[in-house]
Amino acid sequence: MYGFGSAARCRNPTDPAVQSVNPESTLSVEVWRGAETGTFQTYSVPRRLNQTILDVVTEIQREQDPTLSYRFACRVGMCGSCAMVVNGRPRWTCRTRVSEAATADGALRLEPLRNFAIVKDLAVEMTAFFDKWRDAHGSFEPGRTPPADFAVVPPATPARQAADEAIECIGCGICYAACDVVAWDRDYLGPAALNRAWTLVNDVRDTAREARLAAVAGDSGCQCCHTHMSCTSFCPKGIAPTYSIAGLKRAVLRQALKGGRR
Amino acid sequence: MTPMLFLVQRLSAAVLAIAVAVHLATILYAIRGGLTAGEILARTHGNLAFFAFYALFVTAVAFHAPIGLRNIIREWTPWRGGSLDAALAAFAVMLLVLGFRAVFAVYAA
(Lines give C-alpha, C1' and ligand atoms only; values in the text may rest on other atoms or scores of the structure.)
Protein backbone atom coordinates (compact mmCIF):
# COMPACT_ATOMS: atom_id res chain seq x y z
CA MET A 1 0.00 0.00 0.00
CA TYR A 2 1.29 3.42 -0.86
CA GLY A 3 1.70 5.86 2.00
CA PHE A 4 -0.89 8.56 2.27
CA GLY A 5 0.06 12.03 1.24
CA SER A 6 -1.14 14.97 -0.73
CA ALA A 7 -1.71 14.42 -4.40
CA ALA A 8 0.99 15.62 -6.75
CA ARG A 9 -0.17 19.05 -7.81
CA CYS A 10 1.64 21.80 -9.60
CA ARG A 11 3.29 24.32 -7.31
CA ASN A 12 3.24 28.04 -7.88
CA PRO A 13 6.32 28.86 -10.01
CA THR A 14 7.01 31.86 -7.79
CA ASP A 15 7.42 29.54 -4.82
CA PRO A 16 11.02 30.06 -3.55
CA ALA A 17 11.39 26.30 -3.08
CA VAL A 18 10.74 25.85 -6.78
CA GLN A 19 13.07 28.64 -7.87
CA SER A 20 16.06 27.79 -5.68
CA VAL A 21 17.90 25.30 -7.88
CA ASN A 22 21.66 25.10 -7.93
CA PRO A 23 22.53 25.06 -11.65
CA GLU A 24 25.61 22.94 -10.90
CA SER A 25 23.68 20.13 -9.23
CA THR A 26 22.67 16.88 -10.87
CA LEU A 27 19.96 14.35 -10.28
CA SER A 28 20.64 10.67 -9.79
CA VAL A 29 17.76 8.98 -11.59
CA GLU A 30 17.07 5.27 -11.30
CA VAL A 31 14.82 4.13 -14.14
CA TRP A 32 13.16 0.73 -14.51
CA ARG A 33 14.42 -1.01 -17.66
CA GLY A 34 12.75 -4.15 -18.92
CA ALA A 35 9.26 -5.55 -18.58
CA GLU A 36 7.94 -7.73 -15.74
CA THR A 37 11.55 -8.71 -15.13
CA GLY A 38 14.23 -6.10 -15.47
CA THR A 39 16.53 -3.89 -13.49
CA PHE A 40 17.01 -0.28 -12.52
CA GLN A 41 19.48 1.73 -14.57
CA THR A 42 20.94 4.90 -13.12
CA TYR A 43 21.33 8.10 -15.12
CA SER A 44 22.80 11.44 -14.16
CA VAL A 45 20.69 14.38 -15.30
CA PRO A 46 21.46 18.10 -14.84
CA ARG A 47 19.05 19.83 -12.52
CA ARG A 48 17.15 22.70 -14.10
CA LEU A 49 14.80 25.45 -13.05
CA ASN A 50 11.12 24.37 -12.88
CA GLN A 51 12.11 20.95 -14.22
CA THR A 52 9.36 18.33 -14.27
CA ILE A 53 9.74 14.57 -13.94
CA LEU A 54 8.67 14.26 -17.57
CA ASP A 55 11.46 16.71 -18.52
CA VAL A 56 13.92 14.40 -16.79
CA VAL A 57 12.69 11.29 -18.61
CA THR A 58 12.64 13.10 -21.95
CA GLU A 59 16.18 14.37 -21.41
CA ILE A 60 17.39 10.84 -20.66
CA GLN A 61 15.67 9.47 -23.76
CA ARG A 62 16.84 12.23 -26.11
CA GLU A 63 20.34 12.88 -24.79
CA GLN A 64 21.53 9.67 -23.19
CA ASP A 65 19.56 6.54 -24.09
CA PRO A 66 17.20 6.52 -27.08
CA THR A 67 16.10 2.96 -26.26
CA LEU A 68 14.20 4.15 -23.17
CA SER A 69 10.43 3.70 -23.64
CA TYR A 70 7.83 5.87 -21.95
CA ARG A 71 4.55 7.49 -22.87
CA PHE A 72 3.39 11.09 -22.99
CA ALA A 73 1.34 13.35 -25.24
CA CYS A 74 0.01 16.70 -24.07
CA ARG A 75 2.59 17.67 -21.38
CA VAL A 76 -0.02 19.90 -19.71
CA GLY A 77 -2.03 17.51 -17.52
CA MET A 78 -4.87 16.83 -19.91
CA CYS A 79 -4.23 13.53 -21.65
CA GLY A 80 -3.39 11.29 -18.70
CA SER A 81 -0.71 9.31 -20.52
CA CYS A 82 2.50 10.11 -18.62
CA ALA A 83 1.73 8.65 -15.18
CA MET A 84 4.54 6.74 -13.46
CA VAL A 85 5.58 5.77 -9.97
CA VAL A 86 8.01 8.42 -8.75
CA ASN A 87 9.91 7.65 -5.56
CA GLY A 88 7.20 5.18 -4.55
CA ARG A 89 4.17 7.33 -5.37
CA PRO A 90 2.04 7.26 -8.50
CA ARG A 91 2.08 10.70 -10.10
CA TRP A 92 1.39 12.55 -13.35
CA THR A 93 4.93 13.32 -14.38
CA CYS A 94 4.23 16.30 -16.66
CA ARG A 95 2.91 18.35 -13.77
CA THR A 96 5.12 17.07 -11.01
CA ARG A 97 8.18 19.19 -10.48
CA VAL A 98 11.43 17.54 -9.51
CA SER A 99 11.62 19.86 -6.52
CA GLU A 100 8.51 18.29 -4.97
CA ALA A 101 9.31 14.66 -5.75
CA ALA A 102 13.08 14.20 -5.47
CA THR A 103 14.83 13.42 -2.22
CA ALA A 104 16.94 16.11 -0.56
CA ASP A 105 20.08 14.75 -2.20
CA GLY A 106 18.50 14.76 -5.67
CA ALA A 107 17.61 11.09 -6.05
CA LEU A 108 14.71 9.90 -8.18
CA ARG A 109 13.42 6.38 -8.76
CA LEU A 110 11.05 6.01 -11.71
CA GLU A 111 8.95 2.88 -12.15
CA PRO A 112 6.00 1.91 -14.34
CA LEU A 113 2.54 2.12 -12.77
CA ARG A 114 1.67 -0.69 -10.39
CA ASN A 115 -1.22 -3.07 -11.23
CA PHE A 116 -0.60 -2.78 -14.98
CA ALA A 117 1.26 -5.19 -17.24
CA ILE A 118 4.50 -3.59 -18.36
CA VAL A 119 5.05 -3.20 -22.10
CA LYS A 120 8.61 -1.95 -21.77
CA ASP A 121 10.47 0.26 -19.30
CA LEU A 122 8.00 2.94 -18.16
CA ALA A 123 5.22 2.17 -20.66
CA VAL A 124 2.36 0.04 -19.37
CA GLU A 125 -0.42 -1.89 -21.09
CA MET A 126 -3.73 -0.13 -20.34
CA THR A 127 -6.13 -2.46 -22.15
CA ALA A 128 -7.39 -4.21 -18.99
CA PHE A 129 -7.89 -0.80 -17.35
CA PHE A 130 -10.13 0.48 -20.14
CA ASP A 131 -11.86 -2.88 -20.57
CA LYS A 132 -13.13 -2.37 -17.03
CA TRP A 133 -14.60 1.01 -18.02
CA ARG A 134 -16.54 -0.88 -20.68
CA ASP A 135 -17.52 -3.61 -18.19
CA ALA A 136 -18.80 -0.95 -15.77
CA HIS A 137 -20.97 0.48 -18.60
CA GLY A 138 -18.79 3.58 -18.59
CA SER A 139 -20.23 5.08 -21.75
CA PHE A 140 -23.27 7.30 -22.18
CA GLU A 141 -26.40 5.46 -23.37
CA PRO A 142 -28.72 7.90 -25.15
CA GLY A 143 -31.40 5.28 -25.89
CA ARG A 144 -32.77 4.02 -29.18
CA THR A 145 -34.66 7.14 -30.12
CA PRO A 146 -33.34 10.68 -29.72
CA PRO A 147 -35.15 12.86 -27.19
CA ALA A 148 -37.62 15.38 -28.57
CA ASP A 149 -35.71 18.31 -27.12
CA PHE A 150 -32.52 19.22 -25.28
CA ALA A 151 -32.45 17.99 -21.69
CA VAL A 152 -32.46 20.79 -19.17
CA VAL A 153 -30.10 19.94 -16.31
CA PRO A 154 -30.05 22.70 -13.69
CA PRO A 155 -26.50 23.01 -12.27
CA ALA A 156 -27.78 23.14 -8.68
CA THR A 157 -29.48 19.74 -8.71
CA PRO A 158 -27.82 17.12 -6.46
CA ALA A 159 -27.35 14.66 -9.34
CA ARG A 160 -25.64 17.27 -11.51
CA GLN A 161 -23.39 18.32 -8.63
CA ALA A 162 -22.46 14.70 -7.89
CA ALA A 163 -21.58 14.19 -11.56
CA ASP A 164 -19.60 17.45 -11.62
CA GLU A 165 -17.45 16.36 -8.70
CA ALA A 166 -16.36 13.21 -10.51
CA ILE A 167 -16.39 14.23 -14.17
CA GLU A 168 -12.85 15.59 -14.67
CA CYS A 169 -11.13 12.19 -14.79
CA ILE A 170 -8.40 12.07 -17.46
CA GLY A 171 -7.95 8.29 -17.34
CA CYS A 172 -4.34 8.44 -16.18
CA GLY A 173 -4.57 5.19 -14.18
CA ILE A 174 -2.99 6.65 -11.04
CA CYS A 175 -5.96 5.63 -8.87
CA TYR A 176 -5.87 2.13 -10.34
CA ALA A 177 -2.14 1.87 -9.59
CA ALA A 178 -2.68 3.11 -6.04
CA CYS A 179 -5.57 0.72 -5.26
CA ASP A 180 -4.74 -2.26 -3.06
CA VAL A 181 -8.00 -4.02 -3.91
CA VAL A 182 -6.98 -4.05 -7.58
CA ALA A 183 -3.66 -5.57 -6.52
CA TRP A 184 -5.48 -8.31 -4.60
CA ASP A 185 -8.38 -8.98 -6.95
CA ARG A 186 -7.51 -8.56 -10.62
CA ASP A 187 -11.22 -8.73 -11.52
CA TYR A 188 -12.12 -5.69 -9.38
CA LEU A 189 -13.40 -2.94 -11.63
CA GLY A 190 -11.26 -0.34 -9.93
CA PRO A 191 -11.76 3.28 -8.89
CA ALA A 192 -11.60 4.93 -12.33
CA ALA A 193 -14.24 2.72 -13.97
CA LEU A 194 -16.52 2.96 -10.95
CA ASN A 195 -16.05 6.73 -10.78
CA ARG A 196 -17.05 6.96 -14.43
CA ALA A 197 -20.10 4.78 -13.78
CA TRP A 198 -21.10 7.11 -10.95
CA THR A 199 -21.05 10.16 -13.23
CA LEU A 200 -23.40 8.36 -15.62
CA VAL A 201 -25.69 7.11 -12.86
CA ASN A 202 -26.16 10.80 -12.08
CA ASP A 203 -26.72 11.78 -15.70
CA VAL A 204 -30.47 12.30 -16.07
CA ARG A 205 -30.22 11.92 -19.86
CA ASP A 206 -28.76 8.41 -19.66
CA THR A 207 -31.11 5.49 -20.30
CA ALA A 208 -29.04 2.57 -18.96
CA ARG A 209 -29.08 3.26 -15.23
CA GLU A 210 -30.40 -0.18 -14.22
CA ALA A 211 -27.99 -2.09 -16.44
CA ARG A 212 -25.11 0.03 -15.17
CA LEU A 213 -26.02 -0.52 -11.53
CA ALA A 214 -26.27 -4.26 -12.22
CA ALA A 215 -22.83 -4.16 -13.90
CA VAL A 216 -21.18 -2.56 -10.87
CA ALA A 217 -23.07 -4.72 -8.34
CA GLY A 218 -21.24 -7.98 -9.01
CA ASP A 219 -18.62 -9.77 -6.98
CA SER A 220 -15.90 -7.55 -8.42
CA GLY A 221 -17.94 -4.36 -8.27
CA CYS A 222 -18.32 -1.38 -5.99
CA GLN A 223 -18.96 -3.35 -2.77
CA CYS A 224 -15.37 -4.67 -2.90
CA CYS A 225 -13.94 -1.22 -2.13
CA HIS A 226 -12.23 -1.19 1.29
CA THR A 227 -12.35 2.62 1.52
CA HIS A 228 -8.57 2.83 1.90
CA MET A 229 -8.84 6.12 -0.03
CA SER A 230 -5.52 5.69 -1.84
CA CYS A 231 -7.29 6.62 -5.10
CA THR A 232 -8.60 9.81 -3.56
CA SER A 233 -5.27 10.60 -1.98
CA PHE A 234 -3.28 10.30 -5.21
CA CYS A 235 -5.71 11.51 -7.88
CA PRO A 236 -3.90 14.42 -9.57
CA LYS A 237 -7.23 16.00 -10.57
CA GLY A 238 -8.47 16.15 -6.99
CA ILE A 239 -11.34 13.73 -7.68
CA ALA A 240 -12.54 11.50 -4.84
CA PRO A 241 -13.36 8.11 -6.41
CA THR A 242 -13.91 6.72 -2.90
CA TYR A 243 -16.97 8.94 -2.53
CA SER A 244 -18.19 8.02 -6.01
CA ILE A 245 -17.91 4.35 -5.07
CA ALA A 246 -19.74 5.02 -1.79
CA GLY A 247 -22.52 6.61 -3.84
CA LEU A 248 -22.63 3.56 -6.08
CA LYS A 249 -22.84 1.28 -3.02
CA ARG A 250 -25.91 3.17 -1.84
CA ALA A 251 -27.53 3.24 -5.29
CA VAL A 252 -26.85 -0.46 -5.88
CA LEU A 253 -28.29 -1.37 -2.49
CA ARG A 254 -31.44 0.67 -3.13
CA GLN A 255 -31.76 -1.02 -6.51
CA ALA A 256 -31.34 -4.48 -4.93
CA LEU A 257 -34.02 -3.74 -2.33
CA LYS A 258 -36.34 -2.75 -5.18
CA GLY A 259 -35.77 -6.11 -6.86
CA GLY A 260 -32.65 -5.38 -8.92
CA ARG A 261 -29.46 -7.43 -8.96
CA ARG A 262 -28.89 -8.98 -5.53
CA MET B 1 -19.45 -9.01 -2.85
CA THR B 2 -23.02 -8.77 -4.04
CA PRO B 3 -25.37 -6.09 -2.64
CA MET B 4 -27.30 -8.53 -0.44
CA LEU B 5 -24.14 -10.04 1.04
CA PHE B 6 -22.94 -6.49 1.66
CA LEU B 7 -26.20 -5.58 3.39
CA VAL B 8 -26.30 -8.73 5.52
CA GLN B 9 -22.67 -8.27 6.54
CA ARG B 10 -23.29 -4.65 7.62
CA LEU B 11 -26.49 -5.49 9.48
CA SER B 12 -24.89 -8.45 11.27
CA ALA B 13 -21.90 -6.24 12.14
CA ALA B 14 -24.25 -3.73 13.75
CA VAL B 15 -25.83 -6.51 15.83
CA LEU B 16 -22.42 -7.90 16.77
CA ALA B 17 -21.07 -4.53 17.87
CA ILE B 18 -23.77 -4.38 20.53
CA ALA B 19 -23.88 -8.11 21.30
CA VAL B 20 -20.13 -8.43 21.89
CA ALA B 21 -20.15 -5.41 24.20
CA VAL B 22 -23.11 -6.78 26.19
CA HIS B 23 -21.53 -10.24 26.31
CA LEU B 24 -18.19 -8.94 27.64
CA ALA B 25 -19.84 -6.59 30.12
CA THR B 26 -22.03 -9.45 31.42
CA ILE B 27 -19.01 -11.73 31.87
CA LEU B 28 -17.11 -9.05 33.77
CA TYR B 29 -20.15 -8.28 35.94
CA ALA B 30 -20.98 -11.95 36.60
CA ILE B 31 -17.53 -13.00 37.77
CA ARG B 32 -16.94 -9.85 39.78
CA GLY B 33 -18.38 -11.42 42.89
CA GLY B 34 -16.63 -14.75 42.28
CA LEU B 35 -19.59 -16.69 40.85
CA THR B 36 -18.81 -20.21 39.65
CA ALA B 37 -19.86 -21.55 36.25
CA GLY B 38 -22.56 -23.60 37.95
CA GLU B 39 -23.96 -20.56 39.72
CA ILE B 40 -24.01 -18.60 36.47
CA LEU B 41 -25.77 -21.44 34.61
CA ALA B 42 -28.32 -21.66 37.42
CA ARG B 43 -29.23 -18.03 36.69
CA THR B 44 -29.40 -18.45 32.91
CA HIS B 45 -31.43 -21.68 32.84
CA GLY B 46 -34.96 -21.02 31.73
CA ASN B 47 -34.24 -17.34 31.18
CA LEU B 48 -35.84 -16.43 27.83
CA ALA B 49 -34.05 -13.09 27.66
CA PHE B 50 -30.66 -14.85 27.74
CA PHE B 51 -31.87 -17.34 25.16
CA ALA B 52 -33.10 -14.61 22.80
CA PHE B 53 -29.93 -12.55 23.20
CA TYR B 54 -27.54 -15.43 22.49
CA ALA B 55 -29.72 -16.82 19.69
CA LEU B 56 -29.45 -13.41 17.98
CA PHE B 57 -25.71 -13.28 18.72
CA VAL B 58 -25.06 -16.72 17.21
CA THR B 59 -27.22 -16.00 14.17
CA ALA B 60 -25.32 -12.76 13.51
CA VAL B 61 -21.99 -14.61 13.80
CA ALA B 62 -23.18 -17.35 11.43
CA PHE B 63 -23.94 -14.74 8.75
CA HIS B 64 -21.10 -12.31 9.39
CA ALA B 65 -18.10 -14.63 9.62
CA PRO B 66 -18.62 -16.63 6.39
CA ILE B 67 -19.25 -13.47 4.34
CA GLY B 68 -16.07 -11.88 5.67
CA LEU B 69 -14.14 -15.08 5.12
CA ARG B 70 -15.46 -15.23 1.56
CA ASN B 71 -14.10 -11.73 0.89
CA ILE B 72 -10.71 -12.61 2.32
CA ILE B 73 -10.49 -15.84 0.31
CA ARG B 74 -11.50 -14.05 -2.91
CA GLU B 75 -8.89 -11.36 -2.37
CA TRP B 76 -6.01 -13.54 -1.25
CA THR B 77 -6.52 -16.76 -3.22
CA PRO B 78 -7.73 -17.70 -6.71
CA TRP B 79 -10.65 -19.70 -5.24
CA ARG B 80 -13.93 -18.51 -6.80
CA GLY B 81 -17.33 -19.78 -7.84
CA GLY B 82 -19.84 -22.32 -6.58
CA SER B 83 -17.39 -24.48 -4.63
CA LEU B 84 -16.33 -21.49 -2.56
CA ASP B 85 -19.93 -20.48 -1.86
CA ALA B 86 -20.86 -24.08 -0.97
CA ALA B 87 -17.91 -24.39 1.41
CA LEU B 88 -18.81 -21.15 3.15
CA ALA B 89 -22.50 -22.08 3.35
CA ALA B 90 -21.38 -25.27 5.10
CA PHE B 91 -19.22 -23.16 7.40
CA ALA B 92 -22.25 -20.99 8.20
CA VAL B 93 -24.34 -24.06 9.03
CA MET B 94 -21.54 -25.37 11.25
CA LEU B 95 -21.42 -22.06 13.14
CA LEU B 96 -25.20 -22.12 13.57
CA VAL B 97 -25.24 -25.71 14.85
CA LEU B 98 -22.32 -25.27 17.25
CA GLY B 99 -23.60 -21.89 18.36
CA PHE B 100 -27.15 -23.04 19.08
CA ARG B 101 -25.76 -26.08 20.88
CA ALA B 102 -24.06 -23.66 23.24
CA VAL B 103 -27.17 -21.49 23.50
CA PHE B 104 -29.28 -24.49 24.55
CA ALA B 105 -26.59 -25.46 27.04
CA VAL B 106 -26.88 -22.00 28.64
CA TYR B 107 -30.69 -22.05 28.52
CA ALA B 108 -31.78 -25.61 29.19
CA ALA B 109 -28.96 -28.11 29.77
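Is A:Asn50 buried, exposed or partly exposed? A:Asn50 is partly exposed, because 13 other C-beta atoms lie within 10 Å, and a residue counts as buried only from 20 upward and as exposed at 12 or fewer. The model examined here is predicted. A:Asn50 sits in the loop between strand 2 and helix 2 of chain A. Its phi is near 55°, a positive value in a residue other than glycine. Most residues other than glycine have a negative phi.

A second residue of this kind is A:His137. Its phi is also positive, about 55°, although A:His137 is not a glycine. A:His137 belongs to the loop between helix 4 (127-135) and helix 5 (158-166) of chain A. Here the surroundings are those of a buried residue, because A:His137 has 22 C-beta neighbours inside 10 Å.

Chain A as a whole comes next. It contains eleven helices and seven strands. Of its 262 residues, 40% count as buried. Contacts that span long stretches of sequence were also counted. Among contacts in chain A between residues at least 6 apart in sequence, 69% join residues at least 24 apart.

Five strands of chain A form an open sheet. Their order is 2-1-5-3-4, and the pairing is mixed. Strand 2 (38-46) and strand 4 are the edge strands, each pairing on one side only. From one strand to the next, the twist averages 35°. Helix 2 (residues 53-64) of chain A packs on this sheet. Helix 2 touches strand 1, strand 2, strand 3, strand 4 and strand 5 (107-111) of chain A. The direction of helix 2 makes about 95° with that of strand 2.

Strand 1 (residues 26-34) of chain A illustrates both senses of pairing. Strands of a sheet pair through backbone hydrogen bonds, either parallel or antiparallel. With strand 2 of chain A, strand 1 pairs in the antiparallel sense over nine bridges. These two strands form a hairpin with three residues between them. Within the pair, A:Ser28 stands opposite A:Ser44 of strand 2. With strand 5 of chain A, strand 1 runs parallel, and four bridges join the two. A:Val29 has A:Leu108 of strand 5 as its bridge partner.

Chain A is assigned two domains. Domain 1 covers 16-124 and domain 2 covers 126-257. Their centres, taken over C-alpha atoms, are separated by 30 Å. Across the boundary, 15 residues of domain 1 are in contact with 15 residues of domain 2. On the side of domain 1 that touches domain 2, strand 3 (83-86) and strand 4 (89-92) of chain A are the elements that give two or more residues. Strand 4 gives the most, with four residues. By class, this side of domain 1 has nine nonpolar, two polar and four charged residues.

The nonpolar interior was then traced. In soluble globular proteins, nonpolar side chains tend to be buried together. The largest nonpolar core has 69 residues. Within it, A:Leu194, A:Val216 and A:Leu248 touch the most other members. Helix 8 (residues 191-201) of chain A supplies the largest share of this core, seven residues. Domain 1 and domain 2 of chain A both give residues to the core, so it lies between them. The contacts of A:Leu194 were listed without its neighbours within four places in sequence. On that basis, A:Leu194 is in contact with A:Ala136, A:Leu189, A:Val216, A:Cys222, A:Pro241, A:Ser244, A:Ile245 and A:Leu248. Apart from the largest core lies another core, of eight residues. Its members include B:Tyr54, B:Val61, B:Phe63 and B:Val103.

Finally, chain A and chain B meet. The contact takes twelve residues from chain A and nine residues from chain B. Helix 11 (residues 241-257) of chain A gives the most to the side of chain A that touches chain B, with three residues. By class, that side of chain A has six nonpolar, two polar and four charged residues.

Notes:
Residues numbered from 1 in each chain as written. Chains lettered and ligands numbered in written order. Predicted model: local features only at pLDDT ≥ 70, side-chain atom pairs only at ≥ 80, totals over all residues. Contact = placed C-beta atoms within 7 Å. Nonpolar A, V, L, I, M, F, W, Y, C, P; charged D, E, K, R; others polar. Domains from an automatic or database assignment. Pairing = 2+ DSSP bridges. Axes fitted to C-alpha atoms, helices over the stretch in contact; angles between N-to-C directions. Core = buried A, V, L, I, M, F, W, Y, C linked by C-beta atoms within 7 Å.
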